[in-house]
Amino acid sequence: KSWTVQKVDLRLESTFSDAYGYQNDVTFNYTPYGAIQKDVHFILDGEELGTVKTSTSGIPMSYTIPAQSHGSHLLEVYMTATVNNTLIESNHIYKDILWQDSTSDVPIIGCATQDIKVTQYNTVNIKYIVVDPNTETPKVIWSIGDEVVSEETLTEKDAYGYYTYSYKANEAGVFVFTISCGEAEPRLHAE
């Protein structure tokens with residue numbers, strides 16, 4: 001017997017930083033890999049903005065995302081391709097893009113991590129960004145369900161522009177984290 005094997009390296013990389021606030025259209029930079037015809041999908045807040053067809057591999061590309069309303073908007077980018085009549089999918093990249101309206105004083109919280117998996121008794125680091133037009137040192141409250149687990153006044157970001165919250169999972173189960181700063185309140189699921 002003999003077989004024909006076709007190996008495809010279908011993956012997507014991006015150096016785009018969602019650690020900053022934007023006011024206009026955003027140029028999302030990405031690099032597709034895979035020497036095959038593929039569709040790059042751009043999904044913002046669960047709605048597909050568009051797709052780009054390409055057969056290039058390893059060549060940086062960009063996609064313009066129109067300006068959005070004040071707040072955080074979750075971008076998901078991935079590729080699909082057909083190999084031997086089978087649809088395959090690349091890795092998914094998530095970025096929580098913050099659009100700021102200069103006339104608003106409502107804080108914005110961005111966290112591209114939506115689902116967190118952690119083994120009991122281990123610690124998980126959650127990267128997030130807070131933009132509060134009212135202060136340089138925003139106050140955030142972390143809660144699990146209705147229980148406040150931490151209150152912090154943020155002062156220092158890491159080298160990439162993010163804040164980090166470390167959580168040790170002492171109990172097993174599925175939890176819903178809430179980060180709040182003023183009116184901003186995104187939720188994260190942890191198990």
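Which residue lies over the face of Tyr33? It's Arg11, sitting 4.0 Å from the ring centre. Keep in mind for every view that this is a predicted model.

**View 1. Arg11 meets the ring of Tyr33.**
This close-up is centred on the Tyr33 ring, with Arg11 over its face. Both residues belong to strands: Arg11 opens β1 (11–13), and Tyr33 closes β3 (residues 26–33).

**View 2. A three-strand open sheet, β1-β3-β6.**
Here the strands run in the order β1-β3-β6, and the pairing is antiparallel. The edges are β1 (11–13) and β6 (61–65), each of which pairs on one side only. Going from one strand to the next, the twist averages 35°. Look at β3 and β6 in particular: 5 bridges hold this antiparallel pair. One bridge to pick out is Val26 with its partner Ile65 in β6. As you trace the side chains, remember that in a regular strand they alternate between the two faces of the sheet.

**View 3. Ser14, just past β1.**
Ser14 is in the loop between β1 and β2 (21–22). Is Ser14 buried or partly exposed? Partly exposed, because its relative accessibility comes to 22%, and the cut-off for buried is under 20%. Its side chain has two backbone atoms in reach: the oxygen of Asn29 at 2.6 Å, and the nitrogen of Phe16 at 3.1 Å. Setting aside neighbours within four places in sequence, Ser14 is in contact with Phe28, Asn29, Tyr30 and Ile93. Ala159, for its part, is 145 residues from Ser14 in sequence and 18 Å from it in space, C-alpha to C-alpha.

**View 4. A cluster of aromatic rings.**
Which rings are linked into a cluster by ring pairs? They are Phe16, Tyr22, Phe28, Tyr30, Phe42 and Tyr63. Two of these names turn up in the Ser14 view too, since Phe28 and Tyr30 are among the contacts of Ser14. Phe42 comes back in the next view, where its bridge partner is Gly50.

**View 5. The β4–β5 hairpin.**
Strand β4 (residues 38–44) and strand β5 (residues 47–54) run antiparallel and share 7 bridges. Among the paired residues, Phe42 has Gly50 in β5 as its bridge partner. The two strands make a hairpin with 2 residues between them. Check the turn for Asp45, which has a positive phi of about 55°.

**View 6. Thr54, tucked into β5.**
Thr54 is part of strand β5. Its relative accessible area is 6%, so Thr54 counts as buried. Side chain to side chain, Thr54 makes a polar contact with Thr56 at 2.9 Å. Which residues is Thr54 in contact with, leaving aside neighbours within four places in sequence? The list is Pro32, Ile36, Gln37, Lys38, Val40 and Met61. Of these, Lys38 and Val40 fall within β4 (residues 38–44), the strand that pairs with β5.

**View 7. A second three-strand open sheet, β10-β12-β15.**
This sheet has the strand order β10-β12-β15, with antiparallel pairing. On the edges are β10 (108–110) and β15 (163–168), and each pairs on one side only. The twist averages 35° from one strand to the next. Antiparallel β12 and β15 are joined by 6 bridges. One to find is Tyr128, whose bridge partner in β15 is Tyr163. Hold on to Tyr128, as its ring features in the last view.

**View 8. Buried rings: Tyr128, Trp142 and Phe177.**
The structure holds 11 aromatic pairs. In one of them, Tyr128 and Trp142 meet edge-to-face, 5.3 Å centre to centre with 80° between the planes. This pair links distant parts of the chain, with Tyr128 in strand β12 (residues 123–131) and Trp142 in strand β13 (residues 139–144), 14 residues apart. How buried are the two? Tyr128 has a relative accessible area of 0%, and Trp142 likewise comes out buried at 0%. Why is the pair of Trp142 and Phe177 called edge-to-face? Because the planes of their rings are at 85°, and edge-to-face takes over 60 degrees; the ring centres are 5.9 Å apart. This pair also links distant parts of the chain: Phe177 is in strand β16 (residues 175–180), 35 residues from Trp142. Phe177 is buried as well, with 0% relative accessibility.

Key
Residues numbered from 1 in each chain as written. Predicted model: local features only at pLDDT ≥ 70, side-chain atom pairs only at ≥ 80, totals over all residues. Heavy atoms only, no water. Phe/Tyr/Trp six-rings, centres within 6.5 Å; stacked < 30°, edge-to-face > 60°. Helix = DSSP H or I, 4+ residues; strand = E, 2+ residues; numbered from the N terminus. Buried < 20%, exposed > 50% of the residue type's maximum accessible area, 1.4 Å probe, protein only. Lys NZ or Arg CZ within 6 Å of the ring centre and 35° of its normal. Pairing = 2+ DSSP bridges. Axes fitted to C-alpha atoms, helices over the stretch in contact; angles between N-to-C directions. Contact = heavy atoms within 4.5 Å. Polar contact = N/O pair within 3.5 Å; in protein donor to acceptor, adjacent residues only side chain to side chain.
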